[in-house]
Amino acid sequence: MRVAVVGGGVIGLSCASRLVHAGHAVTVISEGKPSETTSAIAGGLIYPPGTRPFDRCAAWTSTSVAEFRGMGGPGIRMMPGRLIHAERVPDPEWTVAMDDVAWEGATLTFTTAVVDTPVYLDRLAAGVASAGVRFEYRRVHDLDDVDADLVVNAAGLGGGDLAGDDSVRAVGGQVVHLADPGLTEWACNQGLDPVAYVIPHGTHVVCGGTEEPGRPDVDPDPDVAAAIVRRCRELVPALADAPILGTKVGLRPYRPEVRLERVGDVIHCYGHGGAGITLSWGCADDVLALVG
Ligand SMILES: Cc1cc2nc3c(=O)[nH]c(=O)nc-3n(C[C@H](O)[C@H](O)[C@H](O)COP(=O)(O)OP(=O)(O)OC[C@H]3O[C@@H](n4cnc5c(N)ncnc54)[C@H](O)[C@@H]3O)c2cc1C
């Protein structure tokens with residue numbers, strides 16, 4: 001079958017991978033290169049903070065953790081870490097996906113994948129290209145104009161417009177990269193507002209972050225960057241002398257629930273909010289199942 005995947009971020013590329021390996025003729029149509037997507041800004045910690053629907057997100061996370069564990073290699077490491085809450089909460093459904101889950105007071109510790117997203121996206125794009133996926137870099141204005149037997153709408157923030165769905169909103173997020181002093185654990189303090197997180201990737205550490213609903217631009221704010229660095233150095237004192245490498249802003253494609261469903265010859269898969277890397281392989285499996 002000739003399948004067009006609209007979107008070249010982590011969702012589109014993961015879907016393209018599953019589809020091409022199942023024998024379909026796949027074209028990825030994307031306005032931006034993989035390195036220019038929101039996916040390339042993501043810190044790459046694999047867990048789905050608050051993303052709905054909870055039961056499907058837990059299952060998608062399990063699939064992705066297993067996939068990342070099996071892939072290994074450049075850009076992917078399994079790593080222990082700690083998720084600090086203001087107070088102890090019931091175990092989230094997604095903890096079934098994780099190794100070594102334990103509570104220490106209000107801190108949930110577990111091992112999961114950490115994904116260096118620019119490295120990983122390059123790897124994913126090269127992998128699907130060598131498997132036969134074609135790339136077209138252009139904007140799609142109407143899914144009906146796409147010449148294919150089946151279209152996958154994996155356009156992230158653009159997915160709502162293409163589907164006539166006005167429930168998708170940008171939620172801005174700023175991160176700062178520091179040089180990695182050799183950290184062996186990730187950390188996230190969810191009890192703070194905004195949250196503070198530290199995700200090590202060997203060469204650099206992604207420090208965050210902010211959640212800014214409705215943010216229209218991706219221009220870094222130096223005062224916000226300074227506040228992120230301060231909060232992350234409090235969270236992980238080993239970062240005290242780590243040089244600052246740069247700061248980036250991305251727009252999360254927030255939707256009250258991830259949309260993954262088939263309507264005629266279109267499979268919609270967008271609205272992954274702050275968890276698209278986490279949900280990618282599970283969603284790609286479900287998209288493949290909907291192709292039939
Ligand atoms: C600061 C920050 C930190 C994050 N940290 C994490 C994390 O630690 N873990 C995690 O799991 N997630 C994280 N996320 C969330 C994650 O980045 C997103 O959920 C994910 O990138 C969504 O992937 P996507 O492929 O749907 O969208 P995108 O990566 O935005 O890709 C969308 C693609 O569609 C294309 N497109 C859009 N409209 C059109 C159109 N009309 N025609 C053609 N092409 C179009 C774009 O060019 C792009 O290629 C973070 C996000 C931010 C901003």
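Here are three short exercises on this predicted model, each with a worked solution.

Before you start, note that numbering runs from 1 along each chain as its sequence is written. Local features need pLDDT of at least 70 and side-chain atom pairs count only at pLDDT 80 or more, while totals for chains, interfaces and linings use all residues.

**Exercise 1. Work out which side of helix α5 is buried.**

Step 1: find the helix. Helices (H or I, at least four residues) and strands (E, at least two) are DSSP runs, numbered from the N terminus. Helix α5 covers residues 222-235.

Step 2: check its length. The expected span is 1.5 Å times one less than the number of residues. For the 14 residues of α5 that should give 20 Å, and the end C-alpha atoms are indeed 20 Å apart.

Step 3: sort the residues. Call one buried if 20 or more other C-beta atoms lie within 10 Å of its own, exposed if 12 or fewer, and partly exposed in between, with C-beta atoms placed from the backbone. Ala225, Ile228 and Cys232 are the buried residues of α5.

Step 4: look down the axis. The arc uses the directions from the helix axis to the C-beta atoms. These buried residues cover only 60 degrees, so they sit on the same side of α5. Why does that work? An α-helix has 3.6 residues a turn, so residues three or four places apart point the same way. On the other side of α5, Asp223 and Arg230 are exposed.

**Exercise 2. Do the same for helix α3, then say what covers it.**

Step 1: α3 (residues 117-130) reaches 20 Å from its first C-alpha to its last, close to the 20 Å expected.

Step 2: its buried residues are Thr117, Tyr120, Leu121, Leu124, Ala125 and Val128. They fall within an arc of 130 degrees, so they line one face of the helix. Ala126 and Ser130 are exposed on the other side of α3.

Step 3: for the cover, count contacts (C-beta atoms, placed from the backbone, within 7 Å). The cover of the buried residues of α3 includes α1, β3 (76-84), β5 (107-115) and α6.

**Exercise 3. Describe the residues around the ligand.**

Step 1: a residue is near if its C-beta atom, placed from the backbone, lies within 6 Å. The ligand is surrounded by 42 residues, and Gly9, Gly156, Gly158, Gly173 and Gly276 are the closest.

Step 2: elements that give two or more residues to this shell include α1 (10-21) and α6 (276-291).

Conventions:
Two residues are in contact if their C-beta atoms, placed from the backbone, lie within 7 Å.
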